[in-house]
Every structure is written in C-alpha cells, then in structure tokens.
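Here is a short set of exercises to work through with the model open beside you. Try each task before reading its solution.

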Amino acid sequence: MPRIHRLPPAVVNRIAAGEVIERPASVVKELLENALDAEPHRIDVALEQGGIGLVRIVDDGCGIDAEDLPLAVTAHATSKLRVAEDLERIATLGFRGEALASIGEVARLVIRSRPAAAACGAEITVDGGRVGPVVPAGCAAGTTVEVHNLYGNVPARRAFLRAPQTEWTHASESFTRTALAHPGVALSLAHNGRRIHDLPAVDSWRERITGLFGGERGARLVGI
C-alpha cells in the first residue's frame, strides 16, 4: 500500500481550483464579490469567448497596497478574518481567501491595484501557479483583475467547459444575480467588445430590475 505523504501546495491549489472555480461564471462570481467588498461606486465587467479567453473586472474601490499583492494571491490569506470568532460575525461576501490562489493555479491571473492615497499602482502576475514579482503600474485608484485562458494549463479540465456561448449564458446569469442584489453600485457588462448592460447606481430594486429586464417588466412589479 502506498505511504501517506503531504501534497505539494501546487497540487492542493489545483484541487481547490476544481472545487471553487467550476467555469467562467464562477470566476465572475468570485471576483465580483471581492470587488464589492472593496466598497466601490462602480464595477465594470468584460468577457471574451464566454469568459474562457478573458474575464476582466475593474472596480474603483479601496485598492490593495503593493506589499499586500503577494498575500492576495496566496491561499487562505484574507483581509476579512483575523480570529475564529470573526466567523460568527461575517459582514463580507468573500472571506475564505481561496479564490485568487485557485484562479492563479489554472489560468494567467493579472492584478493591478492602487489605493487612492498611493502615488502609483502595482501589478502582480500569476501564471499557472507561478507567482511573478510585484512591479510598478500606472492605473486608476481601485483594482483591475484579469483572468486569461481559464484552464489553459489543465487540458483535461478545459475539455469539460462548454461552448463559449453556453459559458457566456452562465457568466451573464452570475452577473445578473449580483447586480440585482446590489442596486446601489453601478455595474456594466461587456462581451467580445459589445456592451450588454450599463447599469447606474439606483435607490431601489425596482429600478435595478427595470435596468436589467426592461420597463415593461418593472412596471408590472408589486412591492411586498
């Protein structure tokens, strides 16, 4: 019988990626939740090939300090928990510290970020689990996360993704669910260079539903 041994971190992250990141829609969900936790006024989402080729999410939130970027792409590193008791009073959408590390294991992940008080931004790249150095980058205040070529380094897992149009349907549904839950944040969605939604921040769910599904449906809603 084979001896028990500890798995290398890269293998652990790749297994976690299969659990956390099922398809491009999972990337959209995880990155949107991270962006919303940064308390932004606006989030812009752009996808190519249904999100298989690219998922880009740009927010104007609090940003990440340059020295924290390596930790941001490390498994189980998070700004949202400190001690076990914090699990009883979670007030953020994300808290496990798994998503970015998992994505970086199975795609090319690029993060550019600048806190408002910083003179310039910084960038880090993770390509198939290989973490690059933090380098200076010109960028607006907030954070941009790009995920290129999802599962490109795991052909067996890539084969389970559906056609780009099918993946786009799932990804757009993930965007819609998030947009419905957060009407106070302006959001946009583009696919293959075509703007699909451009939703202003609004004060009510009725206005957000109208923005997503049209005035006729919004007019028929009854508040309860």
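**Exercise 1. Find the closest N and O atoms of the salt bridge between Lys29 and Glu33, and place the pair in the fold.**

Solution. Start with the distance: Lys29 and Glu33 form a salt bridge whose closest N and O atoms are 3.1 Å apart. The rule asks for a side-chain nitrogen of Lys or Arg within 4 Å of a carboxyl oxygen of Asp or Glu.

Before going on, a word on the model: it is predicted, so local features need pLDDT of at least 70 and side-chain atom pairs count only at pLDDT 80 or more, while totals for chains, interfaces and linings use all residues. Residues are numbered from 1 along each chain as its sequence is written, and side-chain values use heavy atoms, with hydrogens and water left out.

Next, the placement: Lys29 and Glu33 are four residues apart in helix H2, so about one helical turn separates them. An α-helix has 3.6 residues a turn, so residues three or four places apart point the same way. Helices (H or I, at least four residues) and strands (E, at least two) are DSSP runs, numbered from the N terminus.

Last, the exposure: Lys29 is partly exposed, with a relative accessible area of 36%, whereas Glu33 is buried at 15%. Here buried means under 20% relative accessible area, exposed over 50%, and partly exposed in between (1.4 Å probe, protein chains only).

**Exercise 2. Work out how the span of H2 compares with expectation, and which of its residues are buried.**

Solution. First, the span: the 14 residues of H2 should cover 20 Å at 1.5 Å a residue, and the end C-alpha atoms are indeed 20 Å apart. The expected value is 1.5 Å times one less than the number of residues.

Then go through the burial. Eleven of the 14 residues are buried, so H2 is largely enclosed by the rest of the structure. Among them are Pro24, Ala25, Val28, Leu31 and Glu33.

Finally, look just past the end of H2, where Glu39 takes a positive phi of about 55°.

**Exercise 3. Which residues have the most contacts inside the largest nonpolar core?**

Solution. The largest nonpolar core has 41 residues, and Leu31, Ile43 and Leu109 have the most contacts inside it. Helix H2 (residues 24-37) gives the most to this core, with seven residues. Such a core is a set of buried Ala, Val, Leu, Ile, Met, Phe, Trp, Tyr and Cys residues joined through side-chain atoms within 4.5 Å.

Now follow Ile43 outward. Leaving aside residues up to four places away in sequence, Ile43 touches Leu32, Ala35 and Leu36, and its other partners include Ile57, Val58, Val185 and Leu187. A contact means heavy atoms within 4.5 Å.

**Exercise 4. Which parts of the chain does the salt bridge between Glu167 and Arg23 tie together?**

Solution. Begin with the atoms: the closest N and O atoms of Glu167 and Arg23 are 2.9 Å apart. Glu167 lies in helix H6 (residues 164-181) and Arg23 in the loop between H1 and H2, so the pair ties together parts that are 144 residues apart in sequence. Both ends are covered: Glu167 is buried with a relative accessible area of 0%, and Arg23 is buried with 16%.

Next, turn to H6 itself. Its 18 residues reach 26 Å from first C-alpha to last, close to the 26 Å expected. The buried residues of H6, among them Trp168, Ala171 and Phe175, pack against H2, strand S1 (42-48), strand S8 (186-191), S9 and H7.

**Exercise 5. Are Arg220 and Glu216 buried or exposed?**

Solution. Arg220 and Glu216 are both exposed. They lie in helix H8 (residues 215-220), four residues apart, about one turn of the helix, and their salt bridge has its closest N and O atoms 3.4 Å apart. Elsewhere, salt bridges that share partners join Arg42, Asp44, Arg195 and Asp198 into one network. The count comes to nine salt bridges.

**Exercise 6. What percentage of the 224 residues in the chain is buried?**

Solution. Buried residues make up 42% of the chain. To complete the overview, the chain has eight helices and nine strands. Of the contacts with a separation of 6 or more, 60% come from residues 24 or more positions apart.
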